[in-house]
Amino acid sequence: MKLRDFILRRIVLAIPVVFGVVTITWFLAYIVGDPVSMYITERTPDAAIPGIIESHGFNEPLPVQFFLYITNLLQGDWGTSTSTATDAPVLDIIAQRFPATIELALLSMIIAIILGIPLGIISATKKDKPVDHITRIFALAGVSMPIFWFGLMLKYILFFQFKAWGLPYLPSSNRYNIQLYDHVATTGFILIDSLLVGDIRLFFDALRHMAMPAFCLGYLVLAIITRMMRSSMLEVLKEDYITLAKSKGLTQRIVVYRHALRNALIPTVTVIGLAFGGLMTGAVLTETIFNWPGLGRWAVRSILQSDLAGINGFTLLVALIVVTSNLVVDLIYGTLDPRIRFG
Amino acid sequence: MESYNDDKKTNGEDSLQFTILAFLQIFVGILVAVFGGIIILGNLTYGVMGAFGDVLPPETLGTYALQSVILLVLGLLLFKAGLAILELDSFAFSTSLYLNIFMLLISLTVGIIGLFFAMLSFVTILLLFTPSVKLYWYDAFKEDMVPRIKETRYSLHLVRKSPLVVLGIVLILGMVSLAFIAPVVAPYGPEERIWADAKDPPGSPSGGKNKTREIYDERNTNPVPRVIGGVDWQDPPPILIAEFTVYENETNPDLGPWIEYEIEFEELGDDNVSFYFAVYGLNLTTYQSMDESARAAHLYYETTRFGPRDVEEELFLYNATYTYVYVLWFSCDHKYSNWEIDIKFTILRHESFPDHIWGTDEIGGDIFSRILWGAQIDLRLSLTIVLVAVSVGTFIGAAAGYYGGKIDEIVMRVTDVFFAFPGLVLAMAIVMALGERSLDTISIALMVTWWPTYARLVRGQVLLEREKLYVEAARSVGASDMRILFSHIIPNTIQPLIVQATMDTGGVLLTAAGLSFIGFGPPAGAAEWGLMIAKGQMYLTSYPWMTVFPGVAILLTALGFNLVGDGIRDIMDPKLRRR
């Protein structure tokens, strides 16, 4: 199969998944829940309600409603979220809050990759030694850690206690120091924005604010990456070409880093892509704890205020992100490893 | 049972146990299927009636939505197994064994009636192992099992060599046994509160509650006036003399017994009231035999009060078993009032309550006890979810893998869709749509979220096994599809399933705790770990123990499951095994 055909095939395969995702959100909101509430707020006058029902087709038969729902989604009408200060269309809120979440997710992914891959390699090359045991416990603890609790503990020690002891502490909420800096969003990614404006102090302030939530979120992915790296490395190290490389008299260092690493990285790349779903889940909890003005906190607020449109929009968005990231991973995988294409 | 069967060995066909077994099996099958069917119908009516909104059927019909489907299928399978046993089909016995073990597990998740089902399947298993029934199947079964047992032995050997797996097993067993013995070990109840102890740090003693014993209690509203000696006396009796005894169990080395007396007047107006209260260290007969001056030597406590004032005082007694006499003299000179009097004497027994070794929460619940009780709730929740998800997933995945074709394609596309949602997010949406916030809703949401994992896993395994020679052999002798699936293929796919399920139990625990942390969980006050953290985080700066300990409990439990799952995966991995 040619690379182009492979890519096309993958994209075509993703379409029914997107369709299924839309169906599930529709089912949850329209069959199990009360769809009208997505378009009505407390400020909607009673007299307008029949009109809303009429115009959104809630009195039509279900298949028509489903068709209307998809049309609305495609036209950018995702309902009105009531859980923000002023009622706003769901898509507007998503556009406004998306950069904050993605920035956090990307930074934590970077932290996880930088720490996770070396840890996995060390753990695999020192299998069943104390270093391996410690690394594995560290990694498993990351998977077993309730992320909301880990966030609270980080906040308690690095913010409250360090402050109490008079040590330099990390800020525990918001994206940057609102009292000191004035930030006008251009791209929404504050690290990029500050560099564009040339405000280096804002850049470092934002980085400082991001450190704790990003580490909290990254630990989970770090753990997943470490485990995957370890097991794929172990597998690769048993291959014949590694034995050959060793028998040529190459040092352990060269064997591991030049011959084994490249092949062991391929499954890890997949895991990194798949971990995006985990990051989204984590974002919901982490953003709540660190008061991060992103999508996750909005979702939690929607839950607490029974904002069906908000939840529906968030679920749909997250699923779409996951589908996209899976697709991208598939494509990268196919490009990196030709065996996949022909297998 | 052993001795009874010796003479039956030769002609087992008409043995009593055999008949009982076959009919019990058929009966249980029908019963379980009917039960499952009723719940499904109940859920449907619940849904339909819920949609119309007015009258709701009883709550019990609306729960166990997913379990009911499993029970229905299981019931049908059990029924078939029972019929096959009647026909002396030797495979039916081992099938029945598997089915009953599974049934035992599943029925433990459906409440009280489940205990009854569990008991029935336990009896069936016992019957299967009575010698006269054993005759039919046990030898073949054992022969079948020999290689598997060998493998298991070797795995156990590897487990023993791996310290991390052992650590994980210790953690899991520890948590499970803590959950079981919680009623015995926990010093306080799951929702017991001592307001006086709110926000106490770890290790602080309890301010305690008092247990009381009433000695005298009289409440009189608008008593009938009596005239004694020209003064208006009213009920209760103007002079009250009685004895009381402090018992052994009311003494306490630290605090000793106290007596509390309480006199309340209401609607008194300007009337004058005076009373005299005294306690003597004597018993009643000695008191009455003495004169006033002799008594004075034994006077223990004495007070006189004038004026319309309520009195409530506590008075310390000897810290020993002793009998006292109390005297209450009471006068009132009013003539025309509408009033109420309330006299109460109580012995306060100060019990030494256990220390709060891990502190208390914001309203005085003991953290340590609540964590123990929480172990019960959280473990049961996550085990139930995983068990149900595994069974649903296995069933769907096995059908998809075995029949292939369109069914397979559809099932795989559906699982693809489910995989697009991260667990917590889909569960959030489901709970939101269901509307109600409780542990039941969480468990339904997570079951729906988790089954595709197992469906995928089992499908893959079934695809591998389907082409193997033994399946072909079974098919060629005319075994039915169900038979091939349930007694040949699924037992061979069980190992990776167990590994996955073990690892997921930790994940499910975390997700459930996360859901209840965001506010989807049980109502405030329930002893659930996620909820405890959610409540504790508001007091994080000043009272960190409210948050720390429940989190450690979640961490350790999830770590236990992950250690075991991870370790077993390494051990089972054919690529890493025996090199």
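**View 1. A salt bridge between A:Arg227 and B:Asp566 in the predicted model.** A:Arg227 of chain A pairs with B:Asp566 of chain B, and their closest N and O atoms lie 3.3 Å apart; a salt bridge here is a side-chain nitrogen of Lys or Arg within 4 Å of a carboxyl oxygen of Asp or Glu. Between chain A and chain B the count is 2 salt bridges. This is a predicted model, in which local features need pLDDT of at least 70 and side-chain atom pairs count only at pLDDT 80 or more, whereas totals for chains, interfaces and linings use all residues. Side-chain values use heavy atoms, with hydrogens and water left out, residues are numbered from 1 along each chain as its sequence is written, and chains are lettered from A and ligands numbered from 1 in the order in which they are written.

**View 2. The interface of chain A and chain B.** Chain A and chain B contribute 49 residues each to the contact, where contact means heavy atoms within 4.5 Å. About 4300 Å² is buried between the two chains, 79% of it from carbon and sulfur atoms; buried area is the accessible area (1.4 Å probe) that two parts lose on being put together, summed over both. A:Phe148, A:Trp149 and A:Ile303 supply 14% of the area that chain A buries against chain B, more than any other three residues.

**View 3. Polar contacts and helices on the chain A side.** Between chain A and chain B, 6 residue pairs are in polar contact, both residues being at pLDDT 80 or more; such a contact is a pair of N or O atoms within 3.5 Å, and within protein one must be able to donate a hydrogen and the other to accept it, while residues adjacent in sequence count only if both atoms are side-chain atoms. Among the helices of chain A that each supply at least two residues to the side touching chain B are H1 (3–32), H8 (200–237) and H12 (308–336), helices being DSSP runs of H or I with at least four residues and strands runs of E with at least two, numbered from the N terminus. The residues on this side divide into 33 nonpolar, 10 polar and 6 charged, with Ala, Val, Leu, Ile, Met, Phe, Trp, Tyr, Cys and Pro counted as nonpolar, Asp, Glu, Lys and Arg as charged, and the others, Gly among them, as polar.

**View 4. The surroundings of A:Ser302 in helix H11 of chain A.** A:Ser302 counts as buried because its relative accessibility is 0%, buried meaning under 20% relative accessible area, exposed over 50% and partly exposed in between (1.4 Å probe, protein chains only). Not counting residues up to four places away in sequence, A:Ser302 touches A:Ser83, A:Asp307, A:Gly310, A:Ile311 and, from chain B, B:Met432.

**View 5. A:Val329 in helix H12 of chain A.** With 7% relative accessibility, A:Val329 also counts as buried. A:Val329 and A:Val269 are 60 residues apart in sequence, yet their C-alpha atoms are 7.3 Å apart in space. Leaving aside residues up to four places away in sequence, A:Val329 touches A:Val269, A:Thr270 and A:Gly273.

**View 6. The two domains assigned in chain A.** Domain 1 covers 27–88 and domain 2 covers 89–341, the bounds coming from an automatic or database domain assignment. Their centres, taken over C-alpha atoms, are separated by 35 Å, and the contact takes 15 residues from domain 1 and 18 residues from domain 2.
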